[in-house]
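Reader: Got a minute to walk me through this model? I'd like to go through it piece by piece.

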Amino acid sequence: MEYRTLGTSGAVVSTYALGTMTFGNETDEEGSHAQLDRYVEAGGNFVDTADVYNAGVSEEIIGRWLAKKSGDVVLATKGRFPTGGGPNDVGTSRRHLRQALEASLRRLGVDHVDLYQLHAWDPITPLDETLSFLEDAVRAGKISYGGLSNFTGWQLQKACDLIAHRGWSRLVTLQPQYNLLVREIEWEIVPAAQENGLGLLPWSPLGGGWLTGKYSFDEEPAGATRLGENPDRGVESWYRRSRNQRVRDVVDAVREIAGKRGISMAQVALAWLVDRPAVTSVILGARTLDQLDDNLAAADLHLTAEETATLDEASDPGAADYPYGGPGVAQRDRPISGGRG
């Protein structure tokens with residue numbers, strides 16, 4: 001396993017994190033603990049969860065595992081989404097985040113977490129109120145660092161500007177959806193993260209299973225897979241992606257490289273992502289130990305420049321010419337000499 005700093009902080013994390021959204025639902029407690037054990041044995045030290053993952057059960061499972069382990073992991077969780085039926089049981093208000101963080105600490109059985117992330121933007125709560133809560137939590141020793149998840153570029157920049165203006169502790173990470181099928185974050189979000197020193201923690205690195213090659217483009221999925229149980233599931237919908245030529249092109253390119261390398265398609269997709277600009281740690285999400293083992297086999301894998309270029313070309317989301325396409329990109333640099341010559 002390789003390691004990087006958590007954004008611009010001094011904390012060091014493995015380049016692959018263990019995501020735990022399956023814990024307590026698709027993966028039972030015994031299987032969850034087996035995944036945690038295997039991940040740590042492989043050199044992983046970064047575990048990511050959230051208070052809404054299976055209504056807190058994921059955190060409880062991790063807490064019971066932590067209680068019987070002597071090893072140390074960098075622990076991350078999130079708050080923002082509904083934890084109850086009341087009007088104050090959701091959002092990033094000081095009131096809700098205080099209750100959400102305390103509840104997460106109780107479930108995890110710890111007195112602090114290393115990274116506490118705002119799970120999404122809250123259009124109702126003033127940003128100053130939200131970010132002041134993170135600062136107070138840092139000063140109280142309940143969190144080491146603050147981070148964001150699912151923020152757009154302008155939202156990220158607004159948060160970082162406000163923090164700089166107030167002189168508060170800097171945010172260190174952003175957790176976005178990012179994979180070969182979802183590259184639009186490169187247009188605004190990645191540059192904003194780089195400008196502010198935020199490390200990216202990509203979720204859904206395998207595109208909901210599409211980049212593993214397990215789904216047919218011509219036959220509706222069935223059986224014990226996410227799309228087999230619900231073919232129209234969210235952003236991964238078979239009905240939408242199976243008709244998308246770009247998705248076919250990307251899957252074909254991944255399959256070709258995997259075949260030449262003699263490795264799995266998942267490992268190719270992960271290796272492409274882990275070396276993208278600003279990426280700190282890629283979040284793995286597995287149902288089974290076999291899936292996790294296959295993912296972990298990518299821990300020291302890096303693609304060649306030619307392989308990366310092939311995948312870049314196949315997965316290009318096709319930005320319009322301005323401001324994200326060719327003419328716009330060309331204007332982001334200039335010769336130091338200036339002038340018309």
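**Helix α3 and the sheet**

Author: Helix α3 (residues 94–108) lies across β5 (74–79), β6 (113–118) and β7 (143–149), running at about 140° to β6. Helices (H or I, at least four residues) and strands (E, at least two) are DSSP runs, numbered from the N terminus. Axes are lines fitted to C-alpha atoms, for helices over the stretch in contact, and angles run from 0 to 180 degrees between N-to-C directions.

Reader: Before we go on, what kind of model is it?

Author: This is a predicted model: local features need pLDDT of at least 70, side-chain atom pairs count only at pLDDT 80 or more, and totals for chains, interfaces and linings use all residues. Residues are numbered from 1 along each chain as its sequence is written, and side-chain values use heavy atoms, with hydrogens and water left out.

Reader: OK, which residues of α3 are buried?

Author: His96, Leu97, Ala100, Leu101, Ala103, Ser104, Leu105 and Leu108. Buried means under 20% relative accessible area, exposed over 50%, partly exposed in between (1.4 Å probe, protein chains only).

Reader: And what covers them?

Author: The cover includes α2 (57–67), β5, β6, α4 (127–139) and β7. Right after α3 comes Gly109, with a positive phi near 70°.

Reader: Switching to the sheet. What's the strand order?

Author: It's an open sheet of 8 strands, β9-β8-β7-β6-β5-β4-β3-β10, with parallel pairing. Two strands pair if DSSP finds at least two bridges between them. β9 (199–200) and β10 (282–284) are at the edges with a single partner strand each, so one side of each has no neighbour in the sheet.

Reader: How many bridges between β3 and β4?

Author: 2 bridges, in the parallel sense, with β3 covering residues 16–19. Gly19 stands opposite Asp48 in β4.

Reader: Is that Asp48 buried or exposed?

Author: Buried, at a relative accessible area of 1%. Asp48 lies in strand β4 (residues 46–48).

Reader: What does its side chain pair up with?

Author: The side chain of Gln175, through a polar contact of 3.4 Å. A polar contact is a pair of N or O atoms within 3.5 Å; within protein, one must be able to donate a hydrogen and the other to accept it, and residues adjacent in sequence count only if both atoms are side-chain atoms.

Reader: Any other contacts?

Author: Leaving aside neighbours within four places in sequence, Asp48 is in contact (heavy atoms within 4.5 Å) with several residues, among them Leu18, Thr20, Tyr53, Lys78 and Ile283.
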